[in-house]
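Here is a short briefing for a newcomer. Take a look at the structure, then read on.

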Amino acid sequence: MSVLTAFETLGPTDRDAFAAADALAETVFPKAEALGEDGDAQVRDAAKAAGLFDLAQRAAPEALLTLTVVRERLAASGARCRKAALGPSPGLLQNASGALQARFAEPVAQGLRRQAFAFTDDATAPVHATPAEGGYRLRGRKSFVTGGLAADHFIVYAQSDAGPLLLIVEEGTAGITRADPFETLDGGQHCALVFDDAFVPEAHRLGEAGQGKAQAFTQINRTRLMLASEAVGLMAYAVHRAAEHLQAPRPKGPCLGDQEGPQLRFAELWMPVFAARALLYRVATQFAQGEGTPEGLAALKVHTSEAAEHVLSRALQLCGAHALRADDPLARSYREVRSWQFAEGASDLLRLRVAKARLAKGRGAL
Ligand SMILES: Cc1cc2nc3c(=O)[nH]c(=O)nc-3n(C[C@H](O)[C@H](O)[C@H](O)COP(=O)(O)OP(=O)(O)OC[C@H]3O[C@@H](n4cnc5c(N)ncnc54)[C@H](O)[C@@H]3O)c2cc1C
């Protein structure tokens with residue numbers, strides 16, 4: 001039985017994208033998964049041939065729904081090599097001016113440069129930008145920069161007297177040090193970034209001073225939607241694995257799926273995924289049509305990241321202790337989803353955002 005089918009409300013373009021992602025997951029991933037970097041190269045080539053590879057690089061709002069469809073289906077494979085199927089997104093540089101596009105955004109999209117987003121401040125030393133001749137001087141410390149060790153440049157969010165702003169800061173700039181490299185539960189690599197009077201030219205500012213927060217949250221919102229797509233896909237994988245295990249023959253007696261106890265536990269996995277999928281497509285469609293709201297997205301991100309931890313954990317329990325092997329995709333997915341209750345906004349802060357939208361801002365009609 002299929003892991004997923006195309007969501008009912010999708011139009012022809014997104015159904016085609018779903019079919020292409022489904023074919024990639026079913027035919028290319030099983031062979032590529034065991035081959036490491038060679039397998040990733042095969043996935044990349046197949047994704048390019050299928051017209052999927054550049055999806056994360058498209059700026060049009062409707063591409064967000066297509067990207068949601070594809071990310072969800074690829075994640076439902078549970079395969080590690082799915083990450084090679086979508087090319088790097090220029091992220092905040094998507095709408096940068098011509099010179100910054102040529103110098104930074106295009107090389108990122110081509111895989112020639114790596115960038116990292118330095119947003120989260122160390123509470124003891126928030127990063128501040130002070131105007132200096134021809135640019136800014138940065139002081140302070142960022143505490144959690146994913147991919148920071150390997151990045152060629154950083155997009156740094158800084159406070160200034162004119163309001164928050166975003167600056168592109170090149171690796172090797174005098175006055176910048178990477179510090180405290182660490183790995184998280186999901187295997188992600190991160191570091192802190194220390195700014196000690198680092199000079200950044202004005203030409204490397206993204207947009208206007210004062211607009212940094214709005215710009216940053218446009219990107220953070222996009223990433224929240226992508227995390228939710230991955231979370232729903234991985235939950236679908238967990239349901240599929242649990243169904244396979246319950247239907248498998250046992251050395252003695254009936255299979256687990258013939259007994260009502262395991263059937264009840266299975267329904268408790270299936271139902272939250274059914275609901276989460278409906279929420280995912282509701283919010284993704286709103287954003288693709290330019291009608292998305294931060295509170296809708298916050299609700300989606302909290303709901304899917306918390307449901308994913310619960311569903312992956314309960315699926316592990318149903319599948320038995322062999323699924324706890326560190327290299328089992330179910331165990332790996334469990335480790336991966338836990339961090340999403342922090343990344344791109346901690347759950348409780350997003351809950352507060354939902355409450356304020358309704359109680360203080362008069363938004364949030366259901
Ligand atoms: C895998 C991963 C990747 C990340 N990558 C990046 C990155 O690339 N760039 C980057 O800049 N950051 C990154 N982050 C950091 C991430 O943005 C922060 O972890 C997140 O914003 C939460 O902040 P914090 O961890 O400092 O938690 P804290 O702010 O210390 O909050 C801890 C807890 O306290 C509670 N809390 C906090 N404030 C309030 C409040 N006002 N009211 C009520 N409760 C509250 C919440 O329950 C929260 O879970 C990453 C995090 C993870 C897990």
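Seventeen is not the number to start with; five names are: of the 17 residues around the ligand, Phe119, Thr120, Thr146, Ala346 and Asp348 come nearest. A residue counts as near a molecule or strand if its C-beta atom, placed from the backbone, lies within 6 Å of it. This is a predicted model: local features need pLDDT of at least 70, side-chain atom pairs count only at pLDDT 80 or more, and totals for chains, interfaces and linings use all residues. Residues are numbered from 1 along each chain as its sequence is written.

**Ligand shell**
- E1, strand E3 (135–146) and helix H9 (347–359) each supply at least two residues of the shell.
- Helices (H or I, at least four residues) and strands (E, at least two) are DSSP runs, numbered from the N terminus.
- By class, the shell has ten nonpolar, six polar and one charged residues.
- Ala, Val, Leu, Ile, Met, Phe, Trp, Tyr, Cys and Pro count as nonpolar, Asp, Glu, Lys and Arg as charged, and the others, Gly among them, as polar.

**Open sheet**
- Four strands form an open sheet in the order E1-E4-E5-E8, with mixed pairing.
- Strands E1 (115–118) and E8 (205–206) stand at the edges with a single partner strand each, so one side of each has no neighbour in the sheet.
- Two strands pair if DSSP finds at least two bridges between them.
- E5 (residues 165–170) pairs with E8 in the antiparallel sense over two bridges.
- Leucine 167 stands opposite arginine 205 in E8.
- Helix H5 (residues 212–247) packs on this sheet and touches E4 (153–158), E5 and E8.
- The direction of H5 makes about 70° with that of E5.

**E3, E6 and E7**
- E3 and E7 (residues 189–201) run antiparallel, joined by ten bridges.
- Lysine 142 has leucine 193 in E7 as its bridge partner.
- E6 (residues 176–183) and E7 form a hairpin with five residues between them.
- Six bridges link E6 and E7 in the antiparallel sense.
- In the turn, glycine 187 has a positive phi of about 90°.

**Helix pair**
- H1 (residues 12–32) and H2 (residues 36–49) pack at about 160°, with axes 9 Å apart.
- Axes are lines fitted to C-alpha atoms, for helices over the stretch in contact, and angles run from 0 to 180 degrees between N-to-C directions.
- That makes H1 roughly antiparallel to H2, a term for angles over 145 degrees.
- Residues in contact, meaning C-beta atoms placed from the backbone within 7 Å, include Leu24 of H1 and Gly39 of H2.

Notes:
Parallel < 35°, antiparallel > 145°, perpendicular 65-115°, else oblique. Contact = placed C-beta atoms within 7 Å.
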